[in-house]
Amino acid sequence: MSEELTLEERKVIYRARRGLKEIDVYFDPYVRNHYLSAEAAEKALFAELVDQEDPDLLDWFMEVSEPPKPELKTFILKLKHYVHG
């Protein structure tokens with residue numbers, strides 16, 4: 001991440017640090033390995049995801065409930081695939 005980051009990228013990366021192990025296990029690897037090289041649409045989707053409240057994120061990642069948008073559910077599955085294969 002040594003390249004020049006935009007202000008929006010910096011904000012998203014900062015907001016992605018949750019301090020909650022159950023969320024960080026998915027967000028951290030994505031930020032380190034995929035976020036900066038992602039297409040604009042995927043970056044926007046990740047930004048929308050990190051704007052959500054922790055209890056909602058936990059429910060969505062643990063599949064207790066579903067996100068309000070199918071795109072978020074698909075993206076969560078993608079993040080889980082990055083971690084669990």
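## The nonpolar core

In this predicted model, the largest nonpolar core holds 24 residues, and among these F27, F46, L49, F61 and L79 touch the most other members. The elements that contribute two or more residues to this core are α1 (7–16), α2 (21–33), α3 (40–50), α4 (54–61) and α5 (70–84). In soluble globular proteins, nonpolar side chains tend to be buried together.

The surroundings of F46 show how one of these core residues is placed, for when its neighbours within four places in sequence are left aside, F46 is in contact with V12, A16, F27, Y30, V31, Y35 and F75. One of these partners, F27, is itself listed with F46 among the core residues that touch the most other members.

## Helix α1 and its two sides

Which residues of α1 are buried? They are E9, V12, I13 and A16, and, seen down the axis of α1, these buried residues fall within an arc of 100°, so they line one face of the helix. On the other side of α1, by contrast, L7 and Y14 are exposed.

The buried residues of α1 pack against α2 and α3. Beyond the helix, in the loop between α1 and α2, R17 is found, and this residue is exposed, with a relative accessible area of 59%. R17 can also be placed relative to E71, since the two are 54 residues apart in sequence, while their C-alpha atoms are 22 Å apart in space.

## How α1 meets α3

Two packed helices are described by the angle between their axes and the distance between the axes. For α1 and α3 the angle is about 40° and the axes are 9 Å apart, which makes α1 oblique to α3. The crossing in which α1 passes α3 is left-handed.

On the α1 side of this pairing, the residues involved are E8, E9, V12, R15 and A16, and they meet K43, F46, A47 and V50 in α3. Three of the α1 residues named here, E9, V12 and A16, are buried, and both V12 and A16 also appear among the contacts of F46.

## Helix α4 and the residue E63

In α4, the buried residues are L57, W60 and F61, and they cover an arc of only 90° around the axis, which puts them on the same side of α4. These buried residues of α4 pack against α2, α3 and α5, and one of them, F61, is also among the core residues that touch the most other members.

α4 is followed by E63, a residue found in the loop between α4 and α5. Although E63 is not a glycine, it has a positive phi of about 60°. Is E63 buried or exposed? At 57% relative accessibility, E63 counts as exposed.

## K80 in helix α5

Helix α5 contains K80, and this lysine is buried, with a relative accessible area of 15%, a value that lies under the 20% cut-off for a buried residue. Which residues does K80 touch, not counting those up to four places away in sequence? They are Y26, F61, E63 and G85.

Two of these partners have already been met in the account of α4 and the loop after it: F61 is buried in α4, whereas E63 is exposed in the loop between α4 and α5. The contacts of K80 therefore include a buried residue of α4 as well as an exposed loop residue.

Notes
Residues are numbered from 1 along each chain as its sequence is written. This is a predicted model: local features need pLDDT of at least 70, side-chain atom pairs count only at pLDDT 80 or more; totals for chains, interfaces and linings use all residues. Side-chain values use heavy atoms; hydrogens and water are left out. A nonpolar core is a set of buried Ala, Val, Leu, Ile, Met, Phe, Trp, Tyr and Cys residues joined through side-chain atoms within 4.5 Å. Buried means under 20% relative accessible area, exposed over 50%, partly exposed in between (1.4 Å probe, protein chains only). Helices (H or I, at least four residues) and strands (E, at least two) are DSSP runs, numbered from the N terminus. Contact means heavy atoms within 4.5 Å. The arc is that of the directions from the helix axis to the C-beta atoms. Axes are lines fitted to C-alpha atoms, for helices over the stretch in contact, and angles run from 0 to 180 degrees between N-to-C directions. Angles under 35 degrees count as roughly parallel, over 145 as roughly antiparallel, 65 to 115 as roughly perpendicular and the rest as oblique. A crossing is left-handed if the near helix is turned anticlockwise from the far one by less than a right angle, and right-handed if clockwise.
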